Amino acid sequence: MYTCGPTVYNYAHIGNFRAYVFEDLLRRALKLNDYKVTQVMNLTDVDDKTIRDSQKAGMSLNDFTAIYKKAFFEDLEKLRVEPAEHYPAATDHIPQMIEMIEILVEKGYAYIAEDKCVYYSIDKFEHYGCLAKIDRENQMTGTRVKTDEYEKESVSDFALWKAWDEADGDVKWDSPWGPGRPGWHIECSAMAKATLGNHFDMHTGGVDNMFPHHEDEIAQSEAANGCKYVNYWMHCAHLKINNAKMSKSLGNFYTLPQLIEKGWTGEEIRYMLISTHYRAGLNFIIEQGAEVSESLSNARSAINRLQNFIERIKDKADGALSDELADLCQKAKDEFKDQINDDLNISGALGKMFDFVRDGNKVLDSDESVNHEAFLDTLKYFNRILDVMNFENGSDVPAEILALAEERQQARADKNWGRSDEIRDILKAQGWIIEDSPAGPKVKKG
C-alpha cells in the first residue's frame, strides 16, 4: 500500500491528518482481516513549495525540511497512527527518478522542450484522464505546464524534469538533460517502484491528490514499466473548518500542537477525524480563537463514555463467563467487523460498538459479578481499529493532575474542606473530575 505523505514545507494541519488517519484506519482494517500489510509513505522534501519557503527562511533545503519531518512524526505518534514500513524521501531517490525519465524519453512518452525541461506527452498515453474522469476530447493539446499543481481545466503535458534556474538557488542535481530537479509527480512513481515494485495493491491519498498527481503517476508508471500500476485507488474527502475549506494558503487551519495547547488530546482529535466516513466531507466546528469545539466536544464525550464503561467493568467483581455474555461479546465483534469491511463504514461500526456498551451496562446493572476478560477483550478488539481507549489505571492521566488529586485527598484527610474544594475546581477547569469511592478517589476526564 502506497500512501502519499506530506510535503514538508510547513507544519501539517488537521486537514492533512484526516488523510493520514484514514490511511491508518484502512491499514488497521486490513490487519484485522489477517492481511500482512507493507505500507509506504513518502516524504516530499523537494518541490516548488519546499524550495520557495526554504529560501524565504534563509536555510538549506535539507535543514529546512528536517524541521517539518520531525514535527510530522511527532504528530503521528500523538494521533496513534501506526508507523509505515517505509518512509522514502524524494531527495534520496533522484537516481531512480532520472532512470525512469530516461525510459520514458526512450519509449517516446517524454520529450525535451526548448526550455531544457523534460515533459510527459499526455497524448501518447491512451488512458490518460481515466482516474479523474477527464474529458480529453474537449481539451487543448500540445500545451505544457511546469508547476507541480494545476487544475483539470489546465490539463497539459507536465514536467518530469525541471531545468535549473536562478529561482532554485543551490537545489539541483546533474542529469542527462543538464542540472535541474524532478517534477513532483515522478517522485512518487519512482519511490513506489523502489519500495513496492512495478505493480502493487493499493494507493491512497486525499481527494485533491487524484488530479493531477495520481493521474500523472499512472501515466508515468504504466508507460515506463509496461504493466498496470495499482489495483485499487482510495481517496478521502476534505476536512472543512466551519463549512469553509481549510488550507495553509487561506490561513484558517489548526495544527495538532495548537489544539493540544487548547486542552484537547491526541485521542480526541483522532476520534473526531475517523468518526465520519472517509468519502464524506468532514466539517470541523470550532469557535475561532476560543477553546470551544463542538466536533471535539462530541469526540471527548464518546471517549469518556467508553472509559467510564471500562471503569465500571473493573469495579465489578470478576466472575465466570456466562453463555449470554460470550454470545453478546462475539456478536458485537462480528457486527463491528462487518461494518468495517463494508468500505470502512466507521459510523456503522461505532453504532455497533455503542450498542455493546449499552447492553453491557445493563449486564453490569443486573449482575453481581461479570467476566472482566470477555468484556475488556471485546473493547480491545474495537480498539485495534479506533485506538482511543486506555485500559491501564491512570495511564491517560498526566502526572500533575494525579499530584493535585493526591493533594486534595490529603486536604480531605486534614478536614481542610476549603482547599479540597479549591483543588476540585482547578481540576474541573482543566477538564478533569474526581469521583470519591470506597477504594479511593478516581480521576477521570470531565
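Author: Helices (H or I, at least four residues) and strands (E, at least two) are DSSP runs that are numbered from the N terminus. The model is predicted, and local features therefore need pLDDT of at least 70 while side-chain atom pairs count only at pLDDT 80 or more, although totals for chains, interfaces and linings use all residues. Residues are numbered from 1 along each chain as its sequence is written, and side-chain values use heavy atoms, with hydrogens and water left out.

Reader: Where does Tyr11 lie, and is Tyr11 buried, partly exposed or exposed?

Author: Tyr11 belongs to the loop between strand S1 (2–3) and helix H1 (14–32). Buried means under 20% relative accessible area and exposed over 50%, with partly exposed in between (1.4 Å probe, protein chains only). Because its relative accessibility is 38%, Tyr11 counts as partly exposed.

Reader: How many aromatic pairs does the structure hold, and what is the angle between the planes of Phe64 and Tyr68?

Author: Rings of Phe, Tyr and Trp (its six-membered ring) pair if their centres lie within 6.5 Å, where planes under 30 degrees apart count as stacked, over 60 as edge-to-face and the rest as tilted. The structure holds 22 aromatic pairs. Phe64 and Tyr68 form an edge-to-face pair, with 5.2 Å from centre to centre and an angle between the planes of 70°.

Reader: Which helix holds both Phe64 and Tyr68, and are Phe64 and Tyr68 buried or exposed?

Author: Phe64 and Tyr68 are both buried. The two residues are four apart, about one turn of the helix, and both Phe64 and Tyr68 lie in helix H3 (residues 61–78).

Reader: How far apart in sequence are the parts that the pair of Phe309 and Phe375 ties together?

Author: The rings of Phe309 and Phe375 form an edge-to-face pair, 5.7 Å centre to centre and with 90° between the planes. Phe309 lies in helix H9 (residues 294–315) and Phe375 in helix H12 (residues 372–386), so the parts tied together by this pair are apart in sequence by 66 residues.

Reader: Which residues form one aromatic cluster with Phe309 and Phe375?

Author: Phe309 and Phe375 are themselves buried. The aromatic cluster that holds Phe309 and Phe375 is completed by Phe336, Phe356, Tyr381 and Phe382.

Reader: What is the order of the strands in the open sheet of four strands, and which strands stand at the edges?

Author: The open sheet of four strands has parallel pairing, and its order is S2-S1-S8-S9. Each edge strand has a single partner strand, so one side of each is left without a neighbour in the sheet, and these strands are S2 (40–41) and S9 (230–236).

Reader: Over how many bridges do S8 and S9 pair, and which residue stands opposite His203?

Author: Two strands pair if DSSP finds at least two bridges between them. Strand S8 (residues 200–206) pairs with S9 in the parallel sense over six bridges. Opposite His203, in S9, stands Trp233.

Reader: Which residues cover the two faces of S16, and what is the bridge partner of Trp432?

Author: In strand S16 (residues 442–445) both faces are covered, with Lys442 and Lys444 on one side and Val443 and Lys445 on the other, all of them buried. Strand S15 (residues 432–435) pairs with S16 in the antiparallel sense over four bridges. The bridge partner of Trp432 in S16 is Lys445.

Reader: How many residues apart are Glu82 and Arg27, the two residues of a salt bridge that links distant parts of the chain?

Author: A salt bridge is a side-chain nitrogen of Lys or Arg within 4 Å of a carboxyl oxygen of Asp or Glu, and the whole structure has 29 of them. The side chains of Glu82 and Arg27 meet in one, at 2.8 Å from N to O. Glu82 sits in the loop between H3 and helix H4 (94–107) and Arg27 in helix H1, which places them apart by 55 residues.

Reader: Which residue forms a salt bridge with Arg28, and is that partner buried or exposed?

Author: Arg28 forms a salt bridge with Asp387, the closest N and O atoms being 2.9 Å apart. The pair links distant parts of the chain, with Arg28 in helix H1 and Asp387, 359 residues apart from Arg28, in the loop between H12 and helix H13 (399–413). Arg28 is buried at a relative accessible area of 6%. The partner with 17% relative accessibility, which therefore counts as buried, is Asp387.

Reader: Which helix holds both Arg358 and Asp355?

Author: The closest N and O atoms of Arg358 and Asp355 are 3.5 Å apart in a salt bridge. Arg358, at 40% relative accessibility, counts as partly exposed, and Asp355 is partly exposed with a relative accessible area of 31%. Three residues apart, about one turn of the helix, both lie in helix H11 (residues 346–366).
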